[in-house]
Amino acid sequence: MRILYSFLTRISYLFLWIAQYFSKKMKLFVSGRTQVFENLAQHITSKDKTIWFHCASLGEFEQGVPIMKAVKREFPNHKIVVSFFSPSGYEVKKSTPVADVVIYLPLDTISNAKKFINVVHPSLVLFVKYEFWPNYLFELKNRNIPTLLISGLFREGQVFFKGHGSFMRKALKSFDHIFVQDKTSEALLHSINITNVTVSGDTRFDRVSHQIEHDNSLSFISAFKENSLCIVCGSTWPEDEAVLLKYINEASEDVKFIIAPHNIDTSKIEHFRKKLKGSSVKYSEKEGKKLADYSVFIIDTIGLLTKIYSYADIAYVGGAMGKTGLHNILEPATFGVPIVIGKNFENFPEAKRLQQLAGLYAVDSAAECTEILNKLVTNSSFREKTGMIAEHFVNSNTGATNITLNYITKLNRNGLI
């Protein structure tokens, strides 16, 4: 089965290579992997000690950051290597100060796994949340390199829990320990006889809880908002913007909107902008403008959303109106902001829990979106109570980083790192 899997992985690369001529993202995916081993050789010597984190994309990186920072403090003489599968993670974080080396993960073939681990020679490996690459996991297991899964999240429909999933179950059993976000994940793993599991919670709570301690001020957002009530619509997709449009166009003049699309696509932004009845300005054209004169501010750049949420009175978090996946609701929640999302969030336990606590509201149409936003805007006590619930939700769920770090510290005391 492993030989067949490796063969199919190689075949898939052929299709990816062809796809690069039709997709900018696929071009980055392919070209970014051409110099991985040369880059590693330039930054890692045989004498270096390393700890390797693997993240699928940007969201997983953010989950891993609290542990990366803690590990960096605990092991100051180790180099931190961070690998990404997706360009949307690598291209944004390739210069992050958290890591000493940031690279794409070569495709999961037997030869790539052996060569990569030879060059990196990690003392400890941590996979974040998702992505279970069998050849890498088997090779790490064969070399007795401690390998952990952190902030894991499992669902009944995954291949591990199917009759035909024996190969992937074997890969999953290669982890020395698995830290999961909830008891449902723990129970699923127990059902396939994986017991080296700890319910640690989600490290994203630790990540966002510290954001409030940072300087989140942005002068241009202050100039735009002034004393108006502000609704921040973060990581939106066209499906989200479609349900928001009605309310934006009907809102009173003392309500302002900040739209931060997930993908910075100029043509799509302009298409949406033409549908707006009020005045709008983009981040890229803000210079020389009196921002207070506009009702909609479109953020056509990346890296600002977390700070922008600190200015929100209400947040709409995108991704769940379509099928692309809900984006991070914890970023606005940590600032005590009430949250509205789309209807498709069944795979996001944090959203389910916050909805049950009445700190989050889900909508499935423009009419529902308008109704809940109207209530949050006009009823200040309801808005404040909802925001307080969201903030408390974050503060009461921190601690995953310490649980994981305690295990790593124990490994070190036992001479295993």
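These are my notebook entries on a predicted model.

**Entry 1: the surface near the N terminus**

I began with nonpolar side chains on the surface. Twelve names came up in one nonpolar patch: Met-1, Leu-4, Phe-7, Leu-8, Ile-11, Tyr-13, Leu-14, Phe-15, Trp-17, Ile-18, Tyr-21 and Phe-22. Together they have about 1300 Å² of accessible area. I then looked up Met-1 by itself. Met-1 sits in the segment before helix H1, which runs over 2-19. Its relative accessible area is 64%, so I noted Met-1 as exposed.

**Entry 2: the second largest pocket**

Next I turned to a pocket. The second largest pocket holds about 240 Å³ of space. I counted 13 residues in its lining, and those closest to the centre are Pro-66, Lys-69, Arg-73, Asp-206 and His-210. Which helices supply at least two residues each of this lining? They are H4 (58-74), H10 (203-209) and H19 (400-413). H4 gives the largest share, five residues. I also sorted the lining of the second largest pocket by kind: six residues are polar, four are charged and three are nonpolar.

**Entry 3: salt bridges**

I searched the whole structure for salt bridges and got 14. I wrote up several of them.

Asp-48 pairs with Lys-79, with N to O at 3.1 Å. Asp-48 is in the loop between helix H3 (36-43) and strand S1 (49-55), and Lys-79 is in strand S2 (residues 78-84), so this salt bridge ties together parts 31 residues apart in sequence. Lys-79 is partly exposed, because its relative accessibility is 25%.

Arg-207 and Glu-62 make another salt bridge, and their closest N and O atoms are 2.6 Å apart. Why does this pair tie together parts that are 145 residues apart in sequence? Because Arg-207 belongs to helix H10 and Glu-62 to helix H4. I had already met both helices in the pocket, where H4 and H10 each supply at least two lining residues. I checked the cover of each partner. Glu-62 is buried at 17% relative accessible area, while Arg-207 is partly exposed at 24%. The cut-off for buried is under 20%.

Glu-250 and Lys-246 also form a salt bridge, with the closest N and O atoms 3.2 Å apart. They are four residues apart in helix H12 (residues 238-250), so about one helical turn separates them. Glu-250 is exposed, with a relative accessible area of 52%. Lys-246 is partly exposed, at 37%. I then noted a network. Glu-270, Arg-273, Lys-282 and Glu-285 are joined into one by salt bridges that share partners.

**Entry 4: positive phi outside glycine**

Last, I looked at backbone angles. Glu-226 is not a glycine, yet its phi is positive, about 50°. Where is Glu-226? I found Glu-226 in the loop between helix H11 (219-225) and strand S8 (229-236). Its relative accessibility is 54%, so I logged Glu-226 as exposed.

Ala-358 also has a positive phi, near 70°, and is a residue other than glycine. Its place is the loop between helix H16 (349-356) and strand S14 (360-362). Is Ala-358 buried or partly exposed? At 27% relative accessibility, I put Ala-358 down as partly exposed.

Note on methods: Residues numbered from 1 in each chain as written. Predicted model: local features only at pLDDT ≥ 70, side-chain atom pairs only at ≥ 80, totals over all residues. Heavy atoms only, no water. Patch = residues over 30% accessible without salt bridge, like charges linked within 9 Å, V, L, I, M, F, W, Y side chains within 5 Å. Areas by Shrake-Rupley, 256 points an atom, 1.4 Å probe, with all protein chains shown as cover. Salt bridge = Lys/Arg side-chain N within 4 Å of Asp/Glu carboxyl O. Buried < 20%, exposed > 50% of the residue type's maximum accessible area, 1.4 Å probe, protein only. 1 Å grid on protein atoms, 1.4 Å probe; cavity = no way out; pocket = protein on both sides within 12 Å on 5 of 7 lines; lining within 4 Å. Points joined across faces, edges and corners; volume = space filled by probe spheres on them. Nonpolar A, V, L, I, M, F, W, Y, C, P; charged D, E, K, R; others polar.
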